[in-house]
Amino acid sequence: MTTDRANGLTYAAAGVDIDAGNALVDAIKPLAKSTRRPGADASLGGFGALFDLKAAGFTDPLIVTTTDGVGTKLKIAIDTGLHDTVGIDLVAMCVNDLLAQGAEPLMFLDYYATARLEVDVARRVVAGIAEGCRQAGAALVGGETAEMPGMYSHGDYDLAGFTVGAVERDGVLPRLDRQRAGDVLIGLASSGPHSNGYSLIRKIVERSGLDWSADAPFAPGTPLAEALMVPTRIYVKPVLPLLKAGLVKAVAHITGGGLIENPPRVIREGLAARFDWNAWPLPPVFQWLQVTGDVADHEMRRTFNCGIGLMLVVDAAQAPAVLAALLNAGEDAFVIGELTAA
């Protein structure tokens, strides 16, 4: 039965624009294609994505999955129009977690939810996701865009990311049975706060009285918003070869919980991380946050990464070789402490 309802309601009248969604899919297809890798063709449009582990070179793999978001760093992007790098943050938060299991990122999916789909904004966000995938060597194989008027305020959006990786069965981290007192802790420098602690950061900026467009006190010549929106560093390409060579006993991604709560997650019972807090200078952005917010040392260390984005546990005899490899790969890496008896 068909009925002509000239004045009937439509999905668009309810606030959901199907045509905009189709336009976004067309706009991001080339971005997904640019992330192709062995095992995945990174095509969009299906109901699911396949990955060929054999084509990717695995023989006895275990699948590893992670998921994360960007947190209230998104509020700065929304308030200032800086949408181009939050996609990198989204990928980084997921793929760096894979490293803690010894896994290689294979494919990535995103979830983008908003009140009203603005195609240009969404395309810029997904372009950042594609860039993050290229940095991580992961294929952007799909995702979901949800237009939900009434759930979000106009202009707001939220992101979630999901990644699938794989690791050979004998390469799973952490290797708790191999950890010993005297093992060396190597830190890889962060690019800034990454994607953690931004609720506190926004409170500190509010206390400072500075506008987002003002010069950043810790980065003269750079607007405050841009200085705080520097994307999370992705450590996959320099670190993965070390994992595959068996040179690393554990990896800790320094996210929420900072250097206080993350390292114990990968260290065996009976051992503890002893940091030399003077081994690296507190980066200027954290100095400014601490002074402006009057934040205690312990609170800084359990909220922010304090300049260390990734921590490796390595045998003392192999530490020089690991450091040399990281430096040759362009990382700023240094010894930050050791394992001791708890």
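**Figure 1. Strand E11 pairs with E9, and alanine 273 finds its bridge partner there.** In this predicted model, alanine 273 is bridged to leucine 339 of E11. The two strands involved, E9 (residues 271-275) and E11, are antiparallel and share five bridges. E11 also pairs with strand E5: residues 184-189 of E5 and residues 333-341 of E11 run antiparallel, again over five bridges. On that side, look for glycine 187, which sits opposite phenylalanine 334 of E11.

**Figure 2. Helix H11 has a buried face and an exposed one.** H11 covers residues 319-328, and its buried residues are Ala319, Val322, Leu323 and Leu326. Viewed down the helix axis, these buried residues fall within an arc of 100°, so they line one face of H11. Turned away from that buried side are the exposed residues Pro320 and Asn328. What do the buried residues of H11 pack against? Their partners are E5, helix H7 (236-244), strand E10 (308-314) and E11. Just past the end of the helix, glycine 330 adopts a positive phi of about 95°.

**Figure 3. Helix H7, one of the packing partners of H11, has buried residues of its own.** These are Val236, Pro238, Val239, Leu240, Leu242 and Leu243. After H7 comes glycine 246, with a positive phi near 75°.

**Figure 4. Glutamate 331 is tucked into the loop between H11 and E11.** Is this glutamate 331 buried or exposed? Its relative accessible area is 6%, and since buried means under 20%, glutamate 331 counts as buried. Its side chain makes a polar contact of 2.9 Å with the side chain of arginine 233. Beyond its neighbours within four places in sequence, glutamate 331 touches Leu188, Arg233, Tyr235, Pro238 and Leu326. Two of these names may be familiar from the earlier views: Pro238 is among the buried residues of H7, and Leu326 is among those of H11.

**Figure 5. Strands E6 and E7 make a hairpin with two residues between them.** E6 (residues 215-216) runs antiparallel to E7 (residues 219-223), and two bridges join them. Aspartate 215 faces proline 223 of E7 across the pair. Ahead of E6, tryptophan 212 lies in the loop that follows helix H5 (198-208). Leaving out residues within four places in sequence, tryptophan 212 is in contact with Ile76, Asp79, Thr80, Arg202, Val205, Pro223, Leu224, Ala225 and Leu228. The bridged proline 223 is thus one of the contacts of tryptophan 212. For a sense of distance, the C-alpha atoms of tryptophan 212 and alanine 227 are separated by 9.6 Å, with the two residues 15 apart along the chain.

**Figure 6. Aspartate 68 belongs to strand E1 (residues 61-68).** With a relative accessibility of 27%, aspartate 68 is partly exposed. Not counting residues up to four places away in sequence, its contacts are Leu90, Met93, Cys94, Asp97, Ala160 and Gly161. Valine 25 is 43 residues away from aspartate 68 along the chain, and 23 Å separates their C-alpha atoms.

**Figure 7. Three spots in loops deserve a look at their backbone geometry.** Most residues other than glycine have a negative phi, and most peptide bonds are trans. The peptide bond from leucine 173 to proline 174 is cis, with omega near 0°; proline 174 is in the loop between strand E4 (157-168) and E5. Histidine 194 has a positive phi near 60° and lies in the loop between E5 and H5. Its relative accessibility of 1% makes histidine 194 buried. Aspartate 294, in the loop between helix H9 (284-293) and helix H10 (297-303), has a positive phi near 55°. At 65% relative accessibility, aspartate 294 is exposed.

**Figure 8. Stepping back, the chain holds 11 helices and 11 strands.** Its radius of gyration is 22 Å, close to the 20 Å expected from the globule rule for 342 residues, so the chain is as compact as a globular protein of that length. The C-alpha trace spans about 80 × 55 × 35 Å along its principal axes. Of the 342 residues, 49% are buried. Contacts between residues at least 6 apart in sequence join residues at least 24 apart in 83% of cases. The accessible surface is about 15800 Å², with 52% of it belonging to carbon and sulfur atoms.

Key
Residues numbered from 1 in each chain as written. Predicted model: local features only at pLDDT ≥ 70, side-chain atom pairs only at ≥ 80, totals over all residues. Heavy atoms only, no water. Pairing = 2+ DSSP bridges. Helix = DSSP H or I, 4+ residues; strand = E, 2+ residues; numbered from the N terminus. Buried < 20%, exposed > 50% of the residue type's maximum accessible area, 1.4 Å probe, protein only. Arc of directions from axis to C-beta. Contact = heavy atoms within 4.5 Å. Polar contact = N/O pair within 3.5 Å; in protein donor to acceptor, adjacent residues only side chain to side chain. Rg over C-alpha atoms; globule rule 2.2 N^0.38 Å. Areas by Shrake-Rupley, 256 points an atom, 1.4 Å probe, with all protein chains shown as cover.
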